Amino acid sequence: MTTPENTHEQWIARETQAEEMIPLIGKLNRENGVVLNIHGRSLVNKSVIQLLRLHDGAAKVDGTPLNPEHTLELVQALFELNLGPCSINIAALHRQHVDAGSPDFSMWLPEQVGASVGKKGETVKQQDVVLYGFGRIGRLLARILLERSSSLGANLRLRAVVVRKNTENDLEKRASLLARDSVHGPFKGTIKVDAENDTIIANGLPVRFIYSSDPTTVDYTEYGIEDALLVDNTGRWRDVPGLTQHLERPGISRVLLTAPGKGDMKNIVFGVNDSIITDDDKILSAASCTTNAITPALKVLDDVYGVERGHVETVHAFTNDQNLIDNFHKGDRRGRSAVLNMVITETGAARAVSKALPQLEGKLTGNAIRVPTPDVSMAILNVKLAKPVGSKDELNEVFRQVALNGELRRQIGYSDSHEAVSTDFVGSRNAGVVDALATVVSDDSAILYVWYDNEFGYSCQVVRVLERMAGEEAPSYPTK
């Protein structure tokens, strides 16, 4: 039996190992553009405790314990390879090393990783990005883009934000909202205001704020912005004619909408149908948070069992378009207090799935209930399948393997915790997380419960679409 003293000694040793990793992880990121992660969770800019928690969480994903001592050895060996910009899943690399009989790193790593990624000195072409609107999604997109900006492997550079000026101290208020968030916590870095130049300096990077209430009045080249991707977060224009106003402005080359697009606009759910993006696509939609959450799971169900029909019920956090207390609202029911009521409302997310998965056209219905929580929602997928499922464990194992090794592992997460509640998924970078304990199976019918951070998880999906539109992504190991 392990004594308390030995347990504490082991903890001290783990802390020491994590402390030794931190400067190596940082140097690999800043100087080589290498982002190390554990099953998609970045190790960059993490504290000792955060690193140890990520190691403990690795076993919950794939059943393989991840020892910080072994990770330190891997990181030290990777540091010697002079790698170029890339993303490396340390947990997957460790598991492959064990499966191969734990050969010597000096012989094994260059063959495994070195052949998959570039060499130090190679660069990734940077793409200018403009955010049009700075609400919940706009600010989270800014956080994600700025978080990645210190890495040489970052191919997106946030240059400007376009907003309407509301007060004389508008810039200070925008900076404060970026720095502090009641749901997602403080900004990871420093923020300064250069009021004279209408600029917020975040982690040393200047982001120009352009004040305009009319997209047709802005000339982005006046701010040194060329060939930029513009992300419209306002939802004000959702068709091609409306969004073309951005496209016609000097300095803008393509537009991405963070809402479901109308008409024949391509709605992209990254990981599912991003392969249809071409250089000729000048205006795209990143669909909705709910469509991004449910489409990957539905694709897995359809690929493995076939989906004949289904209903999607969304239990959704309240949003800014609802009233805090009862007041007039043009929409049905949304005028009633968001913080005091469950509010039935419509959702087009189920119908929108067919824009990414055409084979499900007409097979899905949907509804939504807004509930008094500020973030994290749940989608309940009730589907009839073309062939029976052997058991609940069988279906859960399908999703566990997808979350671990599948092409949709960045989109689909997996949870089997008996204690998990909605706040545990705040900050999740997955489009959706399957709650395995809630899965229900009966012959050819299945009910799947999918958690999703409707703000941050969706924003991560939007950034992935932006990276694809930019056209050059750093390679990853294992290959996506």
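In this predicted model, helix α6 meets helix α12 through Ile137, Leu140, Leu141, Ile144, Leu145 and Arg148 on the α6 side, and through Phe456, Tyr458, Ser459, Cys460, Val462, Val463 and Glu467 on the α12 side. The residues of this contact comprise ten nonpolar, one polar and two charged.

The geometry of the helix pair can be described as follows. Helix α6 spans residues 136-148 and helix α12 spans residues 456-470; their axes come within 9 Å and cross at roughly 60 degrees. Angles of 65 to 115 degrees count as roughly perpendicular and angles under 35 degrees as roughly parallel; α6 and α12 are therefore oblique to each other. The crossing of the two helices is right-handed.

Charged side chains form a further topic. The structure holds 17 salt bridges, including the three pairs tabulated here.

| Salt bridge | N to O distance | Separation in sequence |
|---|---|---|
| Asp56 and Arg14 | 2.9 Å | 42 residues |
| Arg336 and Asp326 | 3.0 Å | ten residues |
| Lys384 and Asp444 | 3.0 Å | 60 residues |

The side chains of Asp56 and Arg14 meet in a salt bridge at 2.9 Å, N to O. Asp56 belongs to helix α2 (residues 48-62) and Arg14 to helix α1 (residues 4-32), so this pair ties together parts that are 42 residues apart in sequence. Asp56 has a relative accessibility of 42% and counts as partly exposed, whereas Arg14, with a relative accessible area of 19%, is buried. The assignment of Arg14 follows from the cut-off, because buried means under 20% relative accessible area.

A salt bridge also joins the side chains of Arg336 and Asp326, at 3.0 Å from N to O. Both Arg336 and Asp326 lie in the loop between β12 (307-317) and β13 (343-345), so the parts tied together are ten residues apart in sequence. Arg336 counts as partly exposed at 48% relative accessibility, and Asp326 is partly exposed with a relative accessible area of 44%.

The side chains of Lys384 and Asp444 meet in a salt bridge of 3.0 Å, N to O. Lys384 is located in strand β15 (residues 377-385), and Asp444 in the loop between β18 (440-442) and β19 (445-452), so the pair ties together parts that are 60 residues apart in sequence. Lys384 counts as partly exposed, at 22% relative accessibility.

Salt bridges also occur as a network, in which Asp128, Arg157 and Arg159 are linked.

Definitions and conventions: Residues are numbered from 1 along each chain as its sequence is written. This is a predicted model: local features need pLDDT of at least 70, side-chain atom pairs count only at pLDDT 80 or more; totals for chains, interfaces and linings use all residues. Side-chain values use heavy atoms; hydrogens and water are left out. Axes are lines fitted to C-alpha atoms, for helices over the stretch in contact, and angles run from 0 to 180 degrees between N-to-C directions. Helices (H or I, at least four residues) and strands (E, at least two) are DSSP runs, numbered from the N terminus. Angles under 35 degrees count as roughly parallel, over 145 as roughly antiparallel, 65 to 115 as roughly perpendicular and the rest as oblique. A crossing is left-handed if the near helix is turned anticlockwise from the far one by less than a right angle, and right-handed if clockwise. Contact means heavy atoms within 4.5 Å. Ala, Val, Leu, Ile, Met, Phe, Trp, Tyr, Cys and Pro count as nonpolar, Asp, Glu, Lys and Arg as charged, and the others, Gly among them, as polar. A salt bridge is a side-chain nitrogen of Lys or Arg within 4 Å of a carboxyl oxygen of Asp or Glu. Buried means under 20% relative accessible area, exposed over 50%, partly exposed in between (1.4 Å probe, protein chains only).
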